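Take a look at the chain below. This report goes through its sheet, a loop, an aromatic pair and its cores.

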Amino acid sequence: EFHPPSIRERAQQAFEAQVEVGNLGQPIETALLTADGKEVPAELLAQIIQLDGVPVLMGTFRDITQRKHSEEELRQSEERYRRLVQSSSDITALFDADGTIRYVSPATEQILGYRPEELVGRSANALLHPEDKAAMNADLDRLLKNPDGSGSGQYRYRHKDGSWRTLESVANNCLEHPTIRAIVVNSRDITERVELEQALRRSEERYRFVAQNSPDIITIINADNSFRYVSPATERILGYTPEEALECMGFDHVHPEDKAPTLAAYVRLLKDPVEMLSVRYRLRRKDGSYRFVEAVGRNGLANPATRAIFLNVRDITDRTELEEQLRTRDERYRQLVQNSSDFTATFNSEGKIDYVSPAVERMLGYKPEELDGEANLDIAHPEDIPKVLDFLVRSVHLLARWMDIVPCAEAVT
């Protein structure tokens, strides 16, 4: 009558079963009714004792409300963690000390293509990349020597389709934990990240190779105007090793006459991330001499991936000196033509005058600009036109042979 009606029959059967097999003394979980009709979890312990020589059945009831409450909290906690593990995108696994898989979460099917039941009982080494086995075994040995210790590593595992996936694993040695007694490993698929990192490294290596072997000086400048990188070409062009250039290069090496326009161009580059810097100036070598250079730059300070100024500096000393020689020679010939007592004229492909020297005014009375664009035959005497045409045809043929091209006399006549 002390039992709730819903469990009276079950409690009676449990008690009778103990009596029948002579197994009294084993606790029976049941429930009791309080005076106000409230159910209280209880544990019944029945035993036979001698009372005045007469065997008597004695029952002891113990309130187990707190224990049941703790058990329910534990059950709910285990259910939460079970759901977390079951729903996680990462793989959670339990291993024995020899690496045998005792449990693996469902995420293994999404990451490696295997259902959990296909892996339980197998060795983790069975799926491990041959090149990673030595590292993993060494990591496992270290972990086993450190109770309650942890470790991490990256290993490649074979997918069910034969491909390889890279997993980042964190392992905890819980072999001595009374409720776990296993090595707990959480693994995350980092294949895409590893492939991106490898692609980035290859890209960086390619650009580094280009920079290291470029005939131009390639520099990377920080926001504080310090040099982050200077390519090896600086030693050939300026005499400084890259290490020396990192410490000493700056605007104090720019020729005094070029410093103001060079600095102004650099300031414009700093203010406008879109603008492309292009400036020529002279740069002092280690031996004190100067080289003409042409710098092309981009402002990458706003780019979070770079946050720097990029300059490509090309040595144009030979080209600049050649251009100066050509200008000097052209000026010399221009002066000779301009001051000659004979007049000199040049004609375009249509036979019209595009230049005539000043001496034409003394000889023919025309100012040079009056003849600009006139046909060459317009000022020839009518009786001399055949001779002028003959001269022009022979001149074109001679020029054609000299230039090794096929002449077109019809165009002249």
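## Reading the labels

Helices and strands here are DSSP runs, numbered from the N terminus. A helix needs at least four residues, a strand at least two. The model is predicted.

## A histidine in a loop

With these labels, His159 can be placed. His159 sits in the loop between β6 (150–158) and β7 (164–174). Is His159 buried or exposed? Buried means under 20% relative accessible area. His159 has 16% relative accessibility, so His159 counts as buried.

What does His159 touch? Leaving out residues up to four places away in sequence, His159 touches Ile111, Leu112, Gly113, Tyr114 and Arg165. There is also a link to Asp161. A polar atom of the His159 side chain lies 3.0 Å from the backbone nitrogen of Asp161.

## The hairpin around it

β6 and β7 form a hairpin, with 5 residues between them. Gly162 is in the turn and has a positive phi of about 100°. The two strands run antiparallel, joined by 9 bridges. Within this pairing, Gln154 stands opposite Glu168 in β7.

## The open sheet

The hairpin strands belong to an open sheet of 5 strands. Their order is β5-β4-β8-β7-β6, and the pairing is antiparallel. Which strands are at the edges? They are β5 (101–104) and β6, and each pairs on one side only. Neighbouring strands of this sheet are turned by 25° against each other on average, direction ignored.

At the β5 end, β4 (residues 91–95) pairs with β5 in the antiparallel sense. This pairing has 3 bridges. Ala93 stands opposite Val104 in β5.

## Helices on the sheet

Helix α5 (residues 133–144) lies across β6, β7 and β8 (182–189). Its direction runs at about 150° to β6. Helix α6 (residues 191–213) packs on the sheet as well, touching β6, β7 and β8. The direction of α6 makes about 120° with that of β7.

## One aromatic pair

How many aromatic pairs does the structure hold? The structure holds 1. In this pair, the ring centres of Phe251 and Tyr266 are 5.4 Å apart. Planes over 60 degrees apart count as edge-to-face. The planes of Phe251 and Tyr266 are at 70°, so the pair is edge-to-face.

The pair links distant parts of the chain, 15 residues apart. Phe251 is in the loop between α8 (242–248) and α9 (256–271), while Tyr266 is in helix α9. Phe251 is partly exposed, with a relative accessible area of 32%. Tyr266 counts as buried, at 7% relative accessibility.

## Two nonpolar cores

The largest nonpolar core has 23 residues. Which residues have the most contacts inside it? They are Ile217, Leu238, Met249, Tyr281, Leu283 and Val313. Several elements each supply at least two residues of this core, including β9 (217–221), α7 (233–238), α9 and β13 (308–315). The largest share, 4 residues, comes from β11.

Tyr281 has a wide set of neighbours to look up. Leaving out residues up to four places away in sequence, Tyr281 touches Val254, Asp258, Thr262, Arg291, Phe292, Val293, Ala295 and Val313. Apart from the largest core lies another core, of 21 residues. Among its residues are Val104, Ile111, Tyr155 and Tyr157. Two of these names have come up before: Val104 stands opposite Ala93, and Ile111 is touched by His159.

Conventions:
Residues numbered from 1 in each chain as written. Predicted model: local features only at pLDDT ≥ 70, side-chain atom pairs only at ≥ 80, totals over all residues. Heavy atoms only, no water. Buried < 20%, exposed > 50% of the residue type's maximum accessible area, 1.4 Å probe, protein only. Polar contact = N/O pair within 3.5 Å; in protein donor to acceptor, adjacent residues only side chain to side chain. Contact = heavy atoms within 4.5 Å. Phe/Tyr/Trp six-rings, centres within 6.5 Å; stacked < 30°, edge-to-face > 60°. Core = buried A, V, L, I, M, F, W, Y, C linked by side-chain atoms within 4.5 Å. Pairing = 2+ DSSP bridges. Axes fitted to C-alpha atoms, helices over the stretch in contact; angles between N-to-C directions.
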